[in-house]
Amino acid sequence: MKVINLVLNVLWLLLCGLWMAIAYAVAGIICFILIITIPWAIASFRIAGYVLWPFGRMTRERQDAGAASCAGNVIWLIFAGWWLALGHLATSIALAVTIIGLPFAWANLKMIPISLMPLGREIVSTDERFAGW
């Protein structure tokens with residue numbers, strides 16, 4: 001299973017992971033520059049690492065996430081989340097045109113919810129390749 005995850009992650013990295021990780025890193029840098037948005041920057045960098053190497057990992061809701069995460073997600077959605085979601089959508093459309101890119105297009109579509117609402121989620125290891133993104 002680890003070899004398959006490695007192959008999928010390398011293909012993902014070459015086809016779309018690097019570009020999307022750069023987009024999340026740019027959003028994180030902008031959030032760090034604005035100082036008050038540092039919590040969003042940390043979430044953005046965490047998701048950039050996940051988007052860079054997603055197979056063998058999944059996201060799940062944190063048990064301690066509360067109203068602050070919900071309010072933070074609304075602010076993120078307005079200022080950065082929808083741009084990143086559009087990036088995932090555009091990348092998935094481009095990947096869907098090719099036969100080898102179809103599974104990666106689907107994986108990109110599954111990442112849209114976390115790009116829209118990253119706060120209150122954590123990234124955990126899993127043995128499943130396409131585990132409940």
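Contact here means heavy atoms within 4.5 Å. The model described below is predicted.

## Residues of helix α1

N9 lies in helix α1. With a relative accessible area of 2%, N9 is buried, because buried means under 20%. Residues up to four places away in sequence aside, N9 touches W53, P54 and F55.

W12 is also placed in helix α1. Its relative accessibility is 0%, so W12 counts as buried. Neighbours within four places in sequence are again left out of the contacts of W12, which are G17, V51, L52, P54, F55, F104, A107, N108 and M111. P54 and F55 are thus among the contacts of N9 and among those of W12.

C16 is a further residue of helix α1. C16 has a relative accessible area of 1% and is therefore buried. Beyond four places in sequence, C16 is in contact with T91, L95 and N108. N108 is also one of the residues that W12 contacts.

## Helix α4 and its cover

Helix α4 runs over residues 102-110, and its buried residues are F104, A105, A107 and N108. These residues cover an arc of only 160° around the axis, which means that they sit on the same side of α4. An α-helix has 3.6 residues a turn, so residues three or four places apart point the same way.

What lies over this buried side? The cover of the buried residues of α4 includes α1 (2-33), α3 (67-96) and α5 (112-116). Contacts at the level of single residues include those of W12 with F104, A107 and N108, and that of C16 with N108.

## The largest nonpolar core

The largest nonpolar core has 25 residues, and the members that touch the most others are W12, Y24, V51, F55, W76, F104 and M111. Elements giving two or more residues to this core are α1, α2, α3 and α4. W12 contacts several of the core residues just named, including V51, F55, F104 and M111.

## The largest pocket

The largest pocket holds about 230 Å³ of space. Its lining consists of 14 residues, and A27, I30, C31, F79 and A80 lie nearest the centre. Two or more lining residues come from each of α1 and α3. Helix α3 gives the largest share, 6 residues.

What is the make-up of the lining in nonpolar, polar and charged residues? The lining of the largest pocket has 13 nonpolar residues, 1 polar residue and no charged residues.

## The loop between α1 and α2

Helix α2 spans residues 38-52, and I35 is found in the loop between α1 and α2. I35 has a positive phi of about 60°, although it is not a glycine. Most residues other than glycine have a negative phi. The relative accessibility of I35 is 62%, so I35 counts as exposed; the cut-off for exposed is over 50%.

T37 lies in the loop between α1 and α2. Is T37 buried or exposed? T37 has 16% relative accessibility and therefore counts as buried. Outside its neighbours within four places in sequence, T37 is in contact with I30 and C31. I30 and C31 are among the lining residues nearest the centre of the largest pocket.

## S69 in helix α3

S69 lies in helix α3. At 16% relative accessibility, S69 counts as buried. Its contacts, with neighbours within four places in sequence left aside, are L119 and G120.

## Separations along the chain and in space

The table sets sequence separation beside the C-alpha to C-alpha distance for four pairs of residues.

| Pair | Separation along the chain | C-alpha to C-alpha distance |
|---|---|---|
| C16 and E61 | 45 residues | 25 Å |
| W12 and R121 | 109 residues | 22 Å |
| S69 and H88 | 19 residues | 22 Å |
| T37 and K110 | 73 residues | 26 Å |

W12 and R121 are 109 residues apart along the chain, with their C-alpha atoms separated by 22 Å. For S69 and H88, 19 residues apart in sequence, the C-alpha to C-alpha distance is 22 Å.

Note on methods:
Residues numbered from 1 in each chain as written. Predicted model: local features only at pLDDT ≥ 70, side-chain atom pairs only at ≥ 80, totals over all residues. Heavy atoms only, no water. Buried < 20%, exposed > 50% of the residue type's maximum accessible area, 1.4 Å probe, protein only. Helix = DSSP H or I, 4+ residues; strand = E, 2+ residues; numbered from the N terminus. Arc of directions from axis to C-beta. 1 Å grid on protein atoms, 1.4 Å probe; cavity = no way out; pocket = protein on both sides within 12 Å on 5 of 7 lines; lining within 4 Å. Points joined across faces, edges and corners; volume = space filled by probe spheres on them. Nonpolar A, V, L, I, M, F, W, Y, C, P; charged D, E, K, R; others polar. Core = buried A, V, L, I, M, F, W, Y, C linked by side-chain atoms within 4.5 Å.
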